[in-house]
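Me: I've got a model open and I'd like to go through the labels one by one. Can you show me how each one is earned?

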Amino acid sequence: MRIKAAAAILCMAVIALTATAGEAKTVTFQHSVNMVVEYPQVGVESIDQQVREWLEERLAETVAGMAGVAIDPDMEDGDDGITVEYALERPSDRALSVVFRTSSFPFKAAHPTARTDVLSFDLRSGGRLTMDRMFQNPDAALAYMATHARARIAESLVRTNGDQIPADLADDDDYWFVDGFQPTQDNYAALALVPGGVRVIFQQYQVLPYAFGMPTVFFSLDELDPAGPDLALWENSPPLPEHN
């Protein structure tokens with residue numbers, strides 16, 4: 001179920017999301033900011049609670065980052081403020097990934113800033129799925145993704161932008177923010193379970209300049225097999241789709 005909360009709230013003490021199914025979520029926070037928030041309630045109470053608690057923390061961090069920034073008193077929904085949207089990925093009946101995109105656009109800023117966060121869950125236990133739970137050897141998974149992500153992003157950019165992108169982009173260190181590819185769990189935290197594998201989303205400025213947005217890379221289960229993926233999380237997965 002998708003439930004939307006939209007509000008312009010003044011000078012409240014905390015961020016809190018109410019969670020009565022079928023009712024609008026209430027958002028209060030310690031700043032005057034225009035806010036549109038969407039988040040899922042999947043019907044598993046432990047998961048729904050974890051989503052709400054995580055989102056409250058994310059909103060608090062985002063609002064704190066906007067402290068002291070001018071807010072347009074005549075703003076309309078969508079002009080500035082904070083927007084949270086989500087998409088759901090269901091690789092199987094067992095697993096779920098919630099992909100959140102948080103955008104903030106202070107008044108008179110040159111452009112909005114955005115980030116993607118992914119929360120993955122085991123629908124049977126209600127527990128969070130971290131890389132340690134997804135793979136027997138998460139370091140091997142990280143090493144593989146770190147080795148191949150850059151070339152795949154470059155291939156996609158060349159394919160979609162033609163002559164505007166140099167053919168040897170993958171080999172040009174001056175073009176990339178190479179530290180963003182290092183095999184750390186922080187760099188690959190926005191990892192969603194999808195049919196047939198995983199999709200990694202890199203943040204703005206993580207591996208490329210702002211104009212390139214948030215690049216994504218798909219890695220198949222076959223590729224990641226040496227890392228020992230827990231195949232039960234992909235059991236009865238739909239047919240493998242096309243991924244860019």
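Me: Where is Gln-204 found?
Reply: Gln-204 sits in the loop between E9 and E10. Keep in mind that this is a predicted model.

Me: Why is Gln-204 called buried?
Reply: Its relative accessible area is 15%, and the label buried applies under 20%. Gln-204 is therefore buried.

Me: What is Gln-204 in contact with, leaving aside its neighbours within four places in sequence?
Reply: Pro-112, Thr-113, Ala-114, Tyr-210, Gly-213 and Met-214. Thr-113 is 91 residues away along the chain, yet the two C-alpha atoms are separated by 7.8 Å.

Me: What does the side chain of Gln-204 reach at 2.9 Å, and what makes that a polar contact?
Reply: The side chain reaches the backbone nitrogen of Ala-114 at 2.9 Å. The cut-off for a polar contact is 3.5 Å, so a 2.9 Å separation is inside it.

Me: Thr-113 came up just now. Which residue has Thr-113 as its bridge partner?
Reply: Ser-104 does, with Thr-113 belonging to E7. Strand E6 (residues 95-105) and strand E7 (residues 113-122) run antiparallel to each other, over 10 bridges.

Me: How do you know that E5 and E6 pair?
Reply: Pairing takes at least two bridges, and strand E5 (residues 81-89) shares 9 with E6, in the antiparallel sense. Glu-89 stands opposite Ser-97 of E6, and a hairpin of 5 residues joins E5 to E6.

Me: What makes E6 "mostly covered"?
Reply: Of its 11 residues, 9 are buried.

Me: Now the rings. How many aromatic pairs does a search of the whole structure find?
Reply: It finds 8. One of them is Phe-181 with Phe-202.

Me: Why is the pair of Phe-181 and Phe-202 called edge-to-face?
Reply: The centres are 5.5 Å apart, and pairing needs them within 6.5 Å. The planes make 65°, and over 60 counts as edge-to-face, so the label fits.

Me: Where are those two along the chain?
Reply: Phe-181 is in the loop between helix H3 (138-161) and strand E8 (191-194), while Phe-202 is in the loop between strand E9 (197-201) and strand E10 (216-220), 21 residues apart. Both are buried, and together with Trp-176 and Tyr-188 they form one aromatic cluster.

Me: And what makes the pair of Tyr-205 and Tyr-210 tilted?
Reply: The planes are at 35° with the centres 5.8 Å apart. Stacked needs under 30 degrees and edge-to-face needs over 60, so this pair falls into the remaining class, tilted.

Me: Why do Tyr-205 and Tyr-210 count as partly exposed?
Reply: Tyr-205 has 44% relative accessibility and Tyr-210 has 24%. Partly exposed is what lies between the 20% and 50% cut-offs, so both get that label.

Me: How do you know that the span of helix H1 agrees with what it should be?
Reply: Helix H1 (residues 45-65) has 21 residues, and at 1.5 Å a residue it should span 30 Å. The end C-alpha atoms are 30 Å apart, so the two agree. Among the buried residues of H1 are Ile-47, Val-51, Trp-54, Leu-55 and Arg-58.

Me: Last one: what does the secondary structure of the protein come to?
Reply: It comes to 3 helices and 10 strands, running β-β-β-β-α-β-β-β-α-α-β-β-β from the N terminus. Buried residues make up 47% of the 244.

Definitions and conventions:
Residues are numbered from 1 along each chain as its sequence is written. This is a predicted model: local features need pLDDT of at least 70, side-chain atom pairs count only at pLDDT 80 or more; totals for chains, interfaces and linings use all residues. Side-chain values use heavy atoms; hydrogens and water are left out. Helices (H or I, at least four residues) and strands (E, at least two) are DSSP runs, numbered from the N terminus. The expected span of a helix is 1.5 Å times one less than its number of residues. Buried means under 20% relative accessible area, exposed over 50%, partly exposed in between (1.4 Å probe, protein chains only). Rings of Phe, Tyr and Trp (its six-membered ring) pair if their centres lie within 6.5 Å; planes under 30 degrees apart count as stacked, over 60 as edge-to-face and the rest as tilted. Contact means heavy atoms within 4.5 Å. A polar contact is a pair of N or O atoms within 3.5 Å; within protein, one must be able to donate a hydrogen and the other to accept it, and residues adjacent in sequence count only if both atoms are side-chain atoms.
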